[in-house]
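Reader: I would like to learn how to read the places where a protein holds another molecule or leaves room open. Could you take me through one case, step by step?

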Amino acid sequence: MTLFKLFKSIAPYVRPYKWLVAFALLLTFVGALTAQVNAYVLQYTVNSIATLLEQQKPLADGLSLVALISAILLGKEVLSILVTFGQKFFGEKIRILISKDLAQQVIEKVLTYRLAFFADDESGSGKLQTRIDQGVSSIVRTVQSFFIEIFPLFTSALVALIGMLNANLFVGLVALAIIPVYFFVSLQQAKRLKGWRREIRSYRENKSGGIINILESINVIKSFNREDIEAKKQFELQTALTDTQMKTRSTNFKYDGLKTFIEQIGIVIIIILTAYLVLAGKMQIGAIMLHIMLFNNVTAPIRQLHRIYGEVNDALIYAEGFFDIMNADHQVEQSGDYRPTNILGKFELKNVAFTYPNGTQALSGVDMTILPNRITALVGLSGAGKSTVVNLLDKFYEPDSGEILLDGVSLSDYDTRYLRENIGLVLQKNHIFSGTIAENILYGNPQASYEEMVDAAKQAYIHEEIIRHADGYNASALLLSGGQQQRIAIARLFLKKPPIIFLDEPTASLDAVATEQIKNSLDAIKKDRTVIMISHSISQFVDAEMIYVLKEGQVVEHGTHEEVYGQDGTYTEIFDSAVRSLNVEKISSSLR
Ligand code: ADP
C-alpha cells in the first residue's frame, strides 16, 4: 500500500469531520506563522539596539523598545499556546472520532461476511482481532500525527524557507542546498531502522505469546519438570530482543550525531555568509539572527523524519491488513429474496459436493431427502461430513456443485435471514453470552414478553431450576452447568419457534445425568417439526424415522433402523461397536 492509497482509503472516514479538519489546518497555518515570530523580533531587536548604540541615544529610548518587544513576544506566546492547544485538541478529537467510526464499521462489515471468511486461517479469532486493533490504531495515529506533527512542522519549515529566500536569496539557497543532504541521511537512518523495528515487533509478539503458552500448559511443564527448558526458550528470545534494541539505539545515536553535525555545518555556513554580507554592508546585523533561527525551523521536521517515516511505514503495513478485512466485499453473504409465507421443511440434496476453503473435500455426490415433520438422523464416524450437511442446509456455506432444494425451491433463492429465522440450531456447546439467564433466553426472540420467556423455559424443563436460584432469571447465565446451558439453548428455540430444527450432537459434552435431564426438553422441541439430528448415542438415533449413514463424505446407506441394520454395512459396524462399548451383558446383569 502506498501513502496515496492510504489517504484515499481513509478519506471517506475523514469526510464527515471536514470542518473540524479545515479548522485544524487553519490553526496549523497560524501556528506556522507564529513559529517565525521570534526570528523576526530578534532581528528587529538587534537592529534597533545597534542603531540606538550608533546614535548614542539615552537609555530611556531603549527601555520603550524592550517594553514593545516583551509585549510582542508574550502576546505571541499566548497565541502560540492557544494554537498548540487547539491543534492537539482537535487533532486528538479527529483521531478519537475516526477511530470510533473505523472500529464500529469494521465490526458491522465483518458480521455480514460468510462463514468461509471466519474458517480461513488468516482470520482466526486472535489474528483478526490483532489485525483490526493494530489497523485502527496505526491508521488513526497517522491521521493524528499528520495534523499535530507532520503537517505543522512541514508548513512551518516551508514558511521559514520562504522567509529566508525573501530576506536574502543567497542565504536561502544555501539552506535549500543543505536540506537534501540532511533529508538523505534521515532517510538512510529510517531505512536501517525499518528491518529492526519489524524484528523487535515479532520478538515482542513471540515473548507475550510465550508467556501465554507457559500459563496454558503449566501443568504439563511441571509434570515433566521442564521449567529449565521453558526458561531457556524465554531467555533466548529476551537476548535476541535486547541485541536488536541495542543495535537500534546505537544506530539512532550515530545518525542523530551525524545529523546534528550536518545541521551545524549549515549554521556555520549561514553565519559566515551572513556575517560577510553584514560586513559588506548588504545586510543589517540582525539578519544573522534571523537566518539562524529560520534555518532551525527549516530543519526541524527533517530532524523527526526518521521517526515519522517509521511510523508511516508501520501504518501502511497495518492499514493494508485492515482494509483487506474492511473491503472484502466478495465475502459478504449472498442472499436471494424468496420469502414464502410458510416453510414446510422438505430438503432435497441432489449430487451435492462441497470443499472447505482450506481445501478439505467434505462431501461428494450426496443425495438425500429430508421429509417434513419427521426426524432424520445423520449417522457416521467422526469426520464423515454430518455437520457439513447441516452447515450447507443453514446456508453457512454454498455447495461446490449439485443442488439443494427446500420445499422445491433452490436454497440459494431464499432470503438468507428469513431462512435462518425458520431454522433452529442446537450445537454440542451452545454459546452462552455473559449476561443474565433472561437475556440469554431472549436471544431467541428479543421482542418476546417476560411471560413468553418463562413459558419457553418451562417447555425446556429448566424453569424450576432457574427459580431455585436466589436471583432467578436475573442470575448470571455463566453460572449454569453444561446441561442447564443446553436447556437454555433449547428454551431459545421455543421462543424462536422455527419449523425446522437441527440438533448437532446436543448431548455430546454432557454427563449421563445431564443427558437424561435434557431428554425431555429435546423430545418436546422435536415434536411436530422437521428435525435433523446428529448423534453418536444409539438411544437417540434408533428412534429416528429416517437414517442417513455417511462415510467419508458420501451417503452409503439410508432407511429406517431396521432397514439399514439389515444391510450389514457401515451402520451395522457403528451400531455393533456402540453396543459392545456399552458392555450390555454386564449392565443388564446388574440392572434392578
Ligand atoms: P462430522 O460432523 O461427521 O464429524 P464434519 O462435517 O465436521 O464431520 O467434517 C467433515 C470433514 O470436513 C472433516 O475432514 C473435517 O476435518 C473437515 N472440516 C470440518 N469443518 C471444517 C472447517 N471449518 N474447515 C475445514 N475443514 C473442515
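Author: Let us begin with the ligand in this predicted model, where an oxygen atom of the ligand is 2.9 Å from a polar backbone atom of G385. Contacts with the backbone also involve two other residues: a backbone N or O atom of G383 lies 2.7 Å from a ligand oxygen atom, and for A384 the distance from a polar backbone atom to an oxygen atom of the ligand is 3.1 Å. Taken alone, the ligand exposes 560 Å², and the protein buries 68% of that.

Reader: Which residues are the closest to the ligand, and how many surround it?

Author: The ligand is surrounded by 13 residues, and the closest are G383, G385, K386, S387 and T388. When you read such a shell, it helps to ask where its residues come from: the largest share, three residues, belongs to helix α10, which covers residues 386-393.

Reader: How do the residues of that shell divide into nonpolar, polar and charged?

Author: The shell around the ligand has five nonpolar residues, seven polar ones and one charged one.

Reader: How should I read a pocket, and what volume does the largest pocket have?

Author: The general idea is that rolling a probe the size of a water molecule over the atoms shows where empty space is left. In this structure the largest pocket has a volume of about 1,600 Å³. Its lining consists of 37 residues, of which F396, R420, L425, Y443 and K496 are the closest to its centre. Two or more lining residues come from each of the elements α4 (115-119), α10, α11 (416-421), β6 (423-426) and α15 (482-496).

Reader: Which element gives the most to the lining of the largest pocket?

Author: That element is α15, with five residues. Sorted by class, the lining of the largest pocket contains 15 nonpolar, twelve polar and ten charged residues.

Reader: What can be said about the volume of the second largest pocket, and which residues lie nearest its centre?

Author: The second largest pocket has a volume of about 370 Å³. It is lined by 17 residues, and those nearest its centre are G31, A35, T84, Q87 and P152. The elements that give two or more residues to this lining are α2 (18-55), α3 (59-111), α5 (125-167) and α9 (286-326), and the largest share, six residues, comes from α3. By class, the lining of the second largest pocket divides into seven nonpolar, eight polar and two charged residues.

Note on methods
Residues numbered from 1 in each chain as written. Predicted model: local features only at pLDDT ≥ 70, side-chain atom pairs only at ≥ 80, totals over all residues. Heavy atoms only, no water. Near = heavy atom within 4 Å. Polar contact = N/O pair within 3.5 Å; in protein donor to acceptor, adjacent residues only side chain to side chain. Areas by Shrake-Rupley, 256 points an atom, 1.4 Å probe, with all protein chains shown as cover. Helix = DSSP H or I, 4+ residues; strand = E, 2+ residues; numbered from the N terminus. Nonpolar A, V, L, I, M, F, W, Y, C, P; charged D, E, K, R; others polar. 1 Å grid on protein atoms, 1.4 Å probe; cavity = no way out; pocket = protein on both sides within 12 Å on 5 of 7 lines; lining within 4 Å. Points joined across faces, edges and corners; volume = space filled by probe spheres on them.
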